[in-house]
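Thanks for coming. I will walk through a few local features of one chain, with the structure on the screen.

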Amino acid sequence: MNDELAAFYSDFFQDVLIEAEADGEFAEDAFFDRFSAELVDAGEIETADRTHFTGQRGLRVDGYGGDPLASNGTLSVLIVDFNTTPIIETLTKTELDAIFKRASNFVRKARDAEFRDSLEESNPAFGLADMIAARWDRTARIRLILMSNRQLSARIDGLADAEIDGIQVTQNVWDIERLWRYVTAGSGREELTVDFANDFGGTIPLLPAHFEGAGYESYLAVVPGRQLAAIYDRWGARLLEQNVRVFLQARGNVNKGIRQTLENEPEMFFAYNNGITATAEGIKTTMTPDGLALSEISNFQIVNGGQTTASVHKAMLDKVSLSRVFVQMKLSIVDPVKSETVVPLISQYANSQNRVNAADFFSNHPFHVRLEEFSRRIYAPSIDGALRETKWFYERARGQYQDARGRLSVAAQKKFELEYPKAQVFTKTDLAKFQTVWEYRPDLVSRGAQKNFALFAEFIGKKWDKNSDAFNEFYYKETIAKAIVFKRLEKLIPLQPWYEGGYRANIVAYAISKVAFDVKTLAKHVNLMSVWQAQVIAKSMEDALLTAGFEANQVLTNPPPSHHNVTEWAKQQACWERISAVKVAWSNEFLESLIDSKQQTAHIKEASNLQKVDNSINAQTLVVNAGPELWRQARAWGINRKVLSERDQGILGTCASIPAQIPTDKQCEAALKTLRRLHGDGCRIGLDLFQ
C-alpha cells in the first residue's frame, strides 16, 4: 500500500473521531460532514444534506445533493460506507453492487405513497422521499454517489446502472484513494482527462495561437454543442474552475438569452455567444487531412463560459436539438506547477467584463489577504490563565494549513500545532457561515457552503469597495468570537433533551440569527469582544442560544403543508420570517450582558481610524520595497495602452523616482490602486505584490 495514502487515511480517520467526540455526534455523521465538504469543494455536488435511513432491509440512503430543480434536474443521492478500523480495508465489487442496490431501492420506494406514509414525518428520510416523488417528473437523471473510507479493489466511476422508470442512473465512487488524490493534488482538483477521440464523438479542429518559445501554448477551437453538453454531463461542475463555480452558485446555471438562441436560432449560437475560455495541463493532438486536431485534454477547466456550458447541457437534457450548435473555445496550456496561481488569474481576466472577480471573491482578494495577516499575527487570549497563547489559522486558499505544517520537521510540526490548534482552523466558507448568521440570513447558510459563500462574497465585496477600513483588527476579533459561538452551539445542541437528531446545522444557524435579531430590536449588541477575551461564551449567553435553538427546532420540524422536507424548508426565507417573529422572554442575566449600540458604533469607528493609519504605513512600505524599476515598467505599460490619466502618470512617476523622491502615503495608496486596475486590464507587472 502507498505509504502516503496510509498516512492520509490515518490522519483523516483520527480527525473524524476527534470531531465526532468534540461535537457529541456519531463518527459516521462526522465522516459524512467531512467527506461531503470535500465533494462540494470538488464540484461533485452543490450541497450535501444529511438524511440517514436504514429502517428497512435492502434500503439505505445517507443524504442528497439538493433539490433537483436547482441542479438542472439532477438528483444526487449520497451513500456512506464508513469502516471503523484504523487501517484501510478493501471494498469489493460485490459489496459495491450491494451498496448501490440499496440506494436504488430507496429511490424506487420513495415513489410509493404507502412507503412514504410509513415514515415518521420528523425523519429526514421522509422529506427526501417526499421530494423525490414530487420532483420525479422534473428529474432528468439520478446520480448515486458513494463516500467510502475503504479502497476500491477495481476502480469504477460513472458507470450507467439500470434505469429507474426511464431515468438514467449513474454510479459514482469516491473511495479513500480518490479522496486522497483530490486532496493532495497540487492544483487542488482531481485528475480529469477528456478523451475526445474515443469517448465524445471524435477529435475537433485546433488552431495554434502562440509563437514558438513563448513559454506557453494557446489554441482556438470550435466545439460542437453536443460534445460540450456530453462532457459536462459526465463531469458536471468539476469542469468549472472553482471561482467560476462559485459565480454560478450566486446567479443560477441557466441564462435565458442563451436558452432562447439554442431553441430558436441554433445556427446563430456561434455568432451571438462569446464561447468559453478553458485551461488544461496538457493535450494530445493528431494531424488529420484537414489539419491539426485535438484528441485529449488533461485537467480540463472552464474558467469563463460556465453559464454557456451549463445552459447547453440543460438544453440537451430537455431534448433540444444541438446538431447545429457550435461553441468557440480559447484553450491555454498551463504548467501544473503554475496552475494554482495562473488559472485563477486567467479566470479573473477572462471574466473582467462581467465582474466575476468581484462576485466570486478570489483567494488573493485584499479582504482575504488582510484576514490571513491578522490570523498569523494576532494571538488569542489564553483560556483560564494558561501560559500558552494560541492563534486562529485562516485558510484563504485551500490546504494552507497542511501545506504550512508539512514543510516543517516533526518537532517543528508539534510546535506549529500548539500555536495553531486544528480546532482553530477556519476556511472561507466557514467564515461566510459564521458571519452570515449574524446578518439574520440563516436560510442562506442552510442552502449550503458554496451558495452561502457566493452571496457572502458579493456582500463583502461591495462593503470592501465602499470602506475597506471597516475590515480591521476589531472586525477580525469579532469574527473569531462568532466562530467560538457557532462551534460551541454545535456541541451543545445534541445534548439537549428536546433534540431528536437531524437538522443540527439548521438549528444552530437559526438560533444564532434569532439571538442577533432580537438583540438588534432592543438597540443593543452582543458583547462579542468579551467572547474574544475569554475565548469561551458565558453561561447566560449559552442559555439564550439554547432557548433560541428550542424555538427554532419547533418551527423547523413543523413545516407548513407546502414544505414536507424540513431541510428544504430551512432554506426558505419564509422559515426565517416565522422564527424571527417568535416572542422570546430573554433572561435578565443575558440582557444585562449586552452593550449599547452607540458603544458598539464607537468601537467600530475607532478601529476603522486605526486601520486607516495602518493602511498608510503598509502602502508606503510596499511601494518603496517594490523598487523604482517596477513602477517605471507599470507606468510605461499603462501609457503604451493609453489607460492612465495624467494624475496616474504623475503618481507612478513619483514612485519611479525612489529614493530621490519618496511618495506620500496617499500617493502610495493611489499607486497601488492604479496597479490593481492595470492588472484588471491584463498587466502582469507586480502581480506578486498582492499575493
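What follows is a short tour of helix packing, one strand pair and a handful of single residues. One caution before that: this is a predicted model.

I start with the C-terminal pair of helices on my list. Helix α29 covers residues 628–640 and helix α30 covers residues 646–655. Their axes lie 8 Å apart, and the packing angle is about 160°. An angle over 145 degrees counts as roughly antiparallel, and α29 and α30 are therefore described that way. As for handedness, the α29 and α30 crossing is left-handed.

Which residues make that contact? From α29 we have Pro628, Trp631, Ala634, Arg635 and Ile639, and they meet Gln649, Leu652, Gly653 and Cys655 of α30. By class, the residues in this α29 and α30 contact are 6 nonpolar, 2 polar and 1 charged.

Staying with α30, look at Thr654, which sits in that helix. Buried or exposed? Thr654 has a relative accessible area of 10%, and the limit for buried is under 20%, so Thr654 counts as buried. Setting aside residues up to four places away in sequence, Thr654 touches Gln661, Pro663 and Gln667.

Another residue to show is Ser616, in helix α28, which runs over residues 597–626. Ser616 is buried as well, at a relative accessible area of 15%. Beyond its neighbours within four places in sequence, Ser616 is in contact with Asp665 and Glu669. To place Ser616 against another part of the chain, take Gln424: the two are 192 residues apart along the chain, and their C-alpha atoms are separated by 30 Å.

Now the second helix pair, α18 and α20. Helix α18 spans residues 428–436, and helix α20 spans residues 449–466. Here the angle is about 70° and the axes are 9 Å apart. Since 65 to 115 degrees counts as roughly perpendicular, α18 and α20 are therefore roughly perpendicular to each other.

On the α18 side, the contact residues are Lys428, Thr429, Leu431, Ala432, Lys433, Gln435 and Thr436. They meet Ala449, Gln450, Asn452, Phe453 and Phe456 on the α20 side. This contact divides into 5 nonpolar, 5 polar and 2 charged residues.

Next, a loop residue. Gly399 is found in the loop between β17, residues 393–395, and α16, residues 400–406. With a relative accessible area of 23%, Gly399 is partly exposed. Its C-alpha is 9.3 Å from that of Thr427, and the two residues are 28 apart in sequence.

Then the strands. Strand β8 covers residues 167–174, and 7 of its 8 residues are buried, so β8 is largely enclosed by the rest of the structure. Its partner here is strand β5, residues 141–148; the two run parallel and are joined by 7 bridges. Within that pair, Leu146 stands opposite Val173 of β8.

Last, helix α8, residues 225–235. How many of its 11 residues are buried? The count is 8, and the helix is mostly covered. The buried residues in α8 are Gly225, Gln227, Leu228, Ala229, Ile231, Tyr232, Asp233 and Trp235. Just after α8 comes Gly236, with a positive phi near 60°.

To recap the two helix pairs: α29 and α30 are roughly antiparallel, while α18 and α20 are roughly perpendicular. That is the end of the tour.

Methods. Residues numbered from 1 in each chain as written. Predicted model: local features only at pLDDT ≥ 70, side-chain atom pairs only at ≥ 80, totals over all residues. Heavy atoms only, no water. Axes fitted to C-alpha atoms, helices over the stretch in contact; angles between N-to-C directions. Helix = DSSP H or I, 4+ residues; strand = E, 2+ residues; numbered from the N terminus. Parallel < 35°, antiparallel > 145°, perpendicular 65-115°, else oblique. Left-handed = near helix turned anticlockwise from the far one by under 90°. Contact = heavy atoms within 4.5 Å. Nonpolar A, V, L, I, M, F, W, Y, C, P; charged D, E, K, R; others polar. Buried < 20%, exposed > 50% of the residue type's maximum accessible area, 1.4 Å probe, protein only. Pairing = 2+ DSSP bridges.
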